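Subject: Structure handover

Hello,

I am passing this structure on to you. Please open it first, then read the notes underneath.

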Amino acid sequence: MLLSRFRERKPLFSQQDLVNLRWFWDSYLKSKSIWLLVVLGTILIQGAAYQQFLALTKSGLNVIFENGNAWELVRVCVIVFLLFSVRGLMSYLNPRLSVWLASNAVLQMREDMISHLMRLDLSFFERTKSGEIILRMVNQAQALSLFVGQATVNAVRDAVTVIMVAAYLIYLSPQLFMASMIIMPFIIFLMLMVSEHIKMVQASAENAMGNYMTGIEEMAGGMRTVKISNQEPGESSRLRKSAQSIRDLSIRLQAAQATVLPFIDLASAVAFVLVIGGGGYMALSPAYELDGAGVITFLFGLVLLFTPARRVAQFFTKLQANLILLEGVHSLFRETPTITDAPDAITDFDVTGDIVLHDVAFRYSENAPLFDGINMTFKGGKTTAIVGSTGSGKTTILSLVARLYNVDGGQITIGGQPIEKIGIRALREAFSVVAQDIVIFNSSIWENIRYVRPDASEDAIWEAAEQAAIAELIQQRGNKPVGPKGAQLSGGQKQRIAIARAFLRSAPILMLDEATSALDQRTEQHVQDTLTKLGESKTAIVVSHRLSSVAHADWIYVMESGQVIEEGTHADLVENDGLYASMYAAQKQGYK
Ligand SMILES: Nc1ncnc2c1ncn2[C@@H]1O[C@H](COP(=O)(O)OP(=O)(O)OP(=O)(O)O)[C@@H](O)[C@H]1O
Ligand SMILES: [Mg+2]
């Protein structure tokens with residue numbers, strides 16, 4: 001039964017593992033082959049030192065047993081000392097070099113990960129847990145660095161030691177060597193058995209770690225909600241559960257890796273018994289050439305051999321776990337961006353031209369179509385408003401125009417040019433945006449505004465801050481960071497930072513998504529006036545629930561569940577007596 005299970009086992013390396021290893025080698029190690037050879041050189045010298053040591057031990061013993069010359073003994077001692085000095089020097093050079101190599105390889109890999117991540121679509125970040133990204137970029141990359149720089153190099157050194165010492169032992173007595181290795185096939189069989197199990201446990205452990213990290217991130221970011229809804233116990237039990245499953249899996253992993261070790265010790269016991277018994281018999285019997293010194297040297301060699309052999313075996317179990325980490329890292333690279341520059345992308349286009357959606361179809365997920373052939377025109381140099389019920393797709397229209405997502409059908413053109421033909425940087429350069437969900441970084445307000453145009457002059461930043469009515473706050477707060485995600489600011493203050501950013505960018509196309517919804521009436525009036533001025537010479541798209549702030553627009557679209565249900569000027573729409581007119585009437589009522 002054991003044999004049939006063995007046959008069902010997957011090989012030590014799956015096809016994917018081989019692809020991953022190949023990728024890692026080609027991308028990060030191949031270019032350093034010369035240095036790897038130097039590392040290998042230091043390893044070979046270490047191995048050779050061991051082998052010579054054994055040979056010398058034998059001659060030393062021969063001197064003792066056969067009444068040789070005392071000077072001979074001194075010579076042996078000096079050479080042994082020198083050999084260990086050489087080995088010592090290599091023990092210094094080898095890790096220095098290998099850690100340097102591995103750290104650089106992993107740095108390069110991390111840099112590649114960072115730039116790859118920047119190229120990925122927004123939708124990737126909307127479906128991937130932040131903990132999973134952090135896990136790959138931080139833990140897995142770090143663990144791989146250690147594995148390549150230390151575990152692998154040590155394993156190669158140990159393997160070289162094993163091979164060299166074994167070669168010498170075979171030379172001493174092939175029969176004894178065969179006898180001492182009698183249990184080897186069993187050990188290899190055992191390692192194959194546990195390897196798949198190790199991989200499975202490691203994969204679950206990585207998963208658990210990713211969940212734990214995501215959980216921490218969500219908890220820390222959402223503390224206000226956690227506290228206000230009394231969910232501290234719920235949160236802590238959720239995190240505790242994740243932490244416990246990490247512990248359980250670490251123990252299981254260690255247990256699986258440790259399975260091999262007792263058998264190796266057992267194997268060494270068998271080997272020693274056979275060598276002492278068999279070797280002793282051979283030394284006593286005149287039929288064999290082996291003498292007492294030979295048997296003692298052989299035993300000594302076995303002692304030297306077993307420690308590294310044990311570590312090589314351990315390395316294979318660690319390798320299995322690290323193959324899973326490698327797969328984790330490589331899988332990130334297999335994510336391909338779909339929003340990329342066309343090969344013949346242009347950077348020059350008419351930014352002041354009309355923005356037109358021709359029969360645009362779009363859905364966020366397979367089974368939930370949002371737009372099914374929508375047509376809209378945002379006239380160049382004019383202000384167009386989009387109003388409509390919540391979830392009707394207003395923000396999505398802005399996202400599509402900025403090509404944060406690709407359309408599934410139809411086309412969006414700016415000045416007659418399809419946006420897929422425009423280089424992404426050039427396209428996005430054309431927009432100033434005040435988004436509905438404002439992102440504030442943990443730096444000063446000043447730095448937050450400057451974020452959208454790092455080369456802006458101080459005057460320009462002050463000017464933008466004035467326009468957005470945030471200058472006073474900058475003076476009050478100075479350079480103090482505003483807390484993670486701007487936690488130390490009020491909603492309206494955050495919104496004004498976003499508006500200041502739009503002023504600073506002052507790009508030809510202005511997109512305002514509920515840009516003033518969080519401001520008090522007086523501030524809103526002020527900001528609204530400056531925004532209207534900003535939009536005067538530009539193509540402006542304004543999304544707002546407050547109809548009073550879009551009444552001045554040159555054209556208004558009214559949306560309802562992914563469709564345009566009315567359009568026209570404010571006067572047309574009020575006259576039409578449709579949804580807009582009723583919304584307007586209701587809002588006016590509210591102000592009375
Ligand atoms: N990133 C996303 N992934 C999946 N579905 C999304 C995503 N963003 C929005 N949706 C869905 O698409 C629809 C339109 O969303 P959108 O944000 O465009 O609405 P909206 O008109 O801007 O609403 P609101 O007035 O509330 O801001 C909604 O049903 C929403 O649930
Ligand atoms: Mg919206």
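Below is what was found in the structure, part by part.

Please keep in mind that this is a predicted model.

**The six-stranded sheet**

Start with the open sheet of six strands. Its order is 6-7-8-3-9-10, and its pairing is mixed. Strand 6 (431-434) and strand 10 (563-568) stand at the edges. Each has a single partner strand, so one side of each is left without a neighbour in the sheet. On average, neighbouring strands here are turned by 15° against each other, direction ignored.

Helix 18 (residues 491-505) packs on this sheet. It touches strand 6 and strand 7 (509-513). The direction of helix 18 makes about 170° with that of strand 6.

Now look at strand 3 (residues 383-388) and strand 9 (residues 555-560). They run parallel and are joined by five bridges. Thr-384 has Trp-555 of strand 9 opposite it. Gly-388 stands opposite Met-559, also in strand 9.

Strand 9 pairs with strand 10 as well. These two run antiparallel, again with five bridges between them. Glu-560 faces Gln-563 of strand 10 as its opposite residue. The two strands form a hairpin, with two residues between them. Ser-561 sits in the turn and has a positive phi of about 30°.

**A residue to look at in strand 7**

Leu-510 belongs to strand 7. Is Leu-510 buried or exposed? Leu-510 has 25 C-beta neighbours inside 10 Å, so it counts as buried; the cut-off for a buried residue is 20 or more. Leaving aside neighbours within four places in sequence, Leu-510 is in contact with Ser-432, Ala-502, Leu-534, Gly-535, Lys-538 and Ala-540. Take Leu-534 from that list. Leu-510 and Leu-534 are 24 residues apart in sequence, yet 8.5 Å apart in space, C-alpha to C-alpha.

**The four-stranded sheet**

There is also an open sheet of four strands, in the order 2-1-4-5. Its pairing is antiparallel. Strand 2 (368-378) and strand 5 (417-418) are the edge strands, and each pairs on one side only.

Strand 1 (residues 355-365) and strand 2 pair over eight bridges, in the antiparallel sense. One pair to find is Ile-355 with its bridge partner Phe-378, which is in strand 2.

Helix 13 packs on this sheet. It touches strand 1, strand 2 and strand 4 (409-414). The direction of helix 13 makes about 110° with that of strand 1.

**Around ligand 1**

Which residues surround ligand 1? They are Glu-126, Tyr-364, Leu-370, Thr-390, Gly-391, Ser-392, Gly-393, Lys-394, Thr-395, Thr-396 and Gln-436. By type, the shell divides into two nonpolar, seven polar and two charged residues. Helix 13 (residues 394-401) gives the most to the shell, with three residues. That is the helix that packs on the four-stranded sheet.

**The nonpolar cores**

The largest nonpolar core has 70 residues. Ala-468, Ile-499 and Ala-500 have the most contacts inside it. Helix 18 supplies the largest share of this core, seven residues. Apart from this core lies another, of 59 residues. Among its members are Leu-135, Met-282, Leu-302 and Leu-305.

Go back to Ala-500 for a moment. Not counting residues up to four places away in sequence, Ala-500 touches Ile-449, Ala-464, Ala-465, Gln-467, Ala-468 and Ile-470.

**Two loop residues with positive phi**

Two further residues, each in a loop, are listed here for their backbone angles.

- Asn-230 has a phi near 60°, a positive value in a residue other than glycine. Its place is in the loop between helix 9 (223-228) and helix 10 (232-258). Asn-230 has 8 C-beta neighbours inside 10 Å, so it counts as exposed.
- Asp-577 has a phi near 65°, also a positive value in a residue other than glycine. Asp-577 is found in the loop between helix 20 (570-576) and helix 21 (579-591). With 10 other C-beta atoms within 10 Å, Asp-577 is exposed. The cut-off for an exposed residue is 12 or fewer.

Over to you.

Best wishes

Methods:
Residues numbered from 1 in each chain as written. Chains lettered and ligands numbered in written order. Predicted model: local features only at pLDDT ≥ 70, side-chain atom pairs only at ≥ 80, totals over all residues. Pairing = 2+ DSSP bridges. Axes fitted to C-alpha atoms, helices over the stretch in contact; angles between N-to-C directions. Contact = placed C-beta atoms within 7 Å. Near = placed C-beta within 6 Å. Nonpolar A, V, L, I, M, F, W, Y, C, P; charged D, E, K, R; others polar. Core = buried A, V, L, I, M, F, W, Y, C linked by C-beta atoms within 7 Å.
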